[in-house]
Amino acid sequence: MAAAQLTASSISARSLASFEGLRPSNLKFGSPACVSLVNHRSFRGLAVKAATTVAPKYTSIKPLGDRVLVKIKTVEEKTGGGILLPTTAQTKPQGGEVVAVGEGNTIGKTKVGISVETGAEVVYSKYAGTEVEFNGAKHLILKDDDIVGILETEDVKDLKPLNDRVLIKVAEAELKTAGGLLLTEASKEKPSIGTVIAVGPGTLDEEGNRKPLSISQGSTVLYSKYAGNDFKGKDGTEYIALRASDVVAILS
C-alpha cells in the first residue's frame, strides 16, 4: 500500500508551528515528486511521546462474604544456622497475619461470622486463595474455610485447628523392614499413622450450628496418604493438619 506523503511546497515551517497548513486539500497521495513526511526538514521540531496510563492507587481492600485478607509472611532467605538459601530452596510460606475479614456467611437462618479476627497469625492451605500485591507487600484473599488454624507461637505443635481440621503428630517411619533390613531415607515409606494433638471446633450443619468432631485429642489414628498440610516442628518432629474426613480409623 502506498504511504501518505506531502509535497514540499504544501507545508512550511510556519504552518507546522500552528498546524494551520494541515488541511485535507494540502495532502497528496502517490505523487512521484513528493517528499516523504518523515524525512522533511520541517518536521525536525516535532516530538511524539507515547501516552502514559497511570494506574489508580487503592488505599484499602475489603474482603466480601466469608473471605479473609492475609498478609503473607516473608520467605526465609537463611537457615537457622545463618546459611543463605538459593531461591529454589526457599519454601513458599503458608502463614501470615489477618489484616481484614468479610462480613461472614448465612447458613439456613443463622448468620455465621468469620472464625478468625484481625491481627491473628494463621496457617492456610497450600495453593488456596488469590495472591495480590498491596501496600508493597504480598497478600492473599482466601475463604475462611481455607484457613487451617491459628498459630500464636513459632512452633507448629501449638497450632489451634479451625473448623473440621485436626493436628496430628506423625509416627516415625520404620527404619527396618520386617526381615530386619535397614531402610535408606529414600526408601522409607511415608507413615500414615499418628497421634491427634489438637482438634477443631467442628463442622457447621445446615442450620449453621457447630457439630463437634468424633475424634478426640490423644487418639492414635490412621489417615489418608497425601492428605492435608505437612509441617515440621522446631525439634524436627513432623506434623500434619488435615480434615477429620481424611481420618480413616481410630487405632487402639
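How many helices and strands does the secondary structure of the chain come to? I began my notebook with this count, keeping in mind that I was looking at a predicted model, and I found one helix and 19 strands.

**Entry 1: the whole chain**

I looked up how much of the chain is covered, and buried residues make up 32% of its 252 residues. The chain exposes about 17,000 Å², and I noted that carbon and sulfur atoms supply 53% of that area. I then turned to contacts between residues with a separation of 6 or more, and residues 24 or more positions apart account for 62% of these.

**Entry 2: the nonpolar cores**

I went on to the largest nonpolar core, which has 14 residues, and listed the members that touch the most other members: Val68, Val70, Val98, Val116, Val122, Leu142 and Ile147. The elements that each give two or more residues to this core are strand 3 (67-72), strand 7 (121-124), strand 9 (137-143) and strand 10 (147-150), and strand 3 gives the most, with three residues.

I picked out Val116 for a closer look and, not counting residues up to four places away in sequence, I found that Val116 touches Val68, Val98, Val101, Val122, Asp144, Ile147, Ile150 and Leu162. I also recorded a second, separate core of 13 residues, which includes Val170, Val196, Leu213 and Ala227.

**Entry 3: strand 16 and its partners**

Which residues of strand 16 lie on its covered face, and which on its uncovered one? In this strand, residues 220-223, I found Val221 and Tyr223 on the covered face, while Thr220 and Leu222 are on the uncovered one. I could make sense of this pattern because side chains in a regular strand alternate between the two faces of the sheet.

I next followed the pairing of strand 16, which runs antiparallel to strand 13 (residues 193-199) and is joined to it by three bridges; here Ile193 stands opposite Leu222. Strand 16 also runs antiparallel to strand 19 (residues 247-251), with four bridges joining the two, and the bridge partner of Val221 in strand 19 is Ile250.

**Entry 4: Asn163**

Is Asn163 buried or exposed? I first located Asn163 in the loop between strand 11 (160-161) and strand 12 (165-170). Asn163 counts as buried because its relative accessible area is 8%, and the cut-off for buried is under 20%. Leaving aside the neighbours within four places in sequence, I found Asn163 in contact with Asp144, Asp145, Gly200, Pro201, Gly202, Arg210 and Leu213. Two of these names were already in my notes, as Asp144 is touched by Val116 and Leu213 belongs to the second core.

Conventions. Residues numbered from 1 in each chain as written. Predicted model: local features only at pLDDT ≥ 70, side-chain atom pairs only at ≥ 80, totals over all residues. Heavy atoms only, no water. Buried < 20%, exposed > 50% of the residue type's maximum accessible area, 1.4 Å probe, protein only. Contact = heavy atoms within 4.5 Å. Core = buried A, V, L, I, M, F, W, Y, C linked by side-chain atoms within 4.5 Å. Pairing = 2+ DSSP bridges. Areas by Shrake-Rupley, 256 points an atom, 1.4 Å probe, with all protein chains shown as cover.
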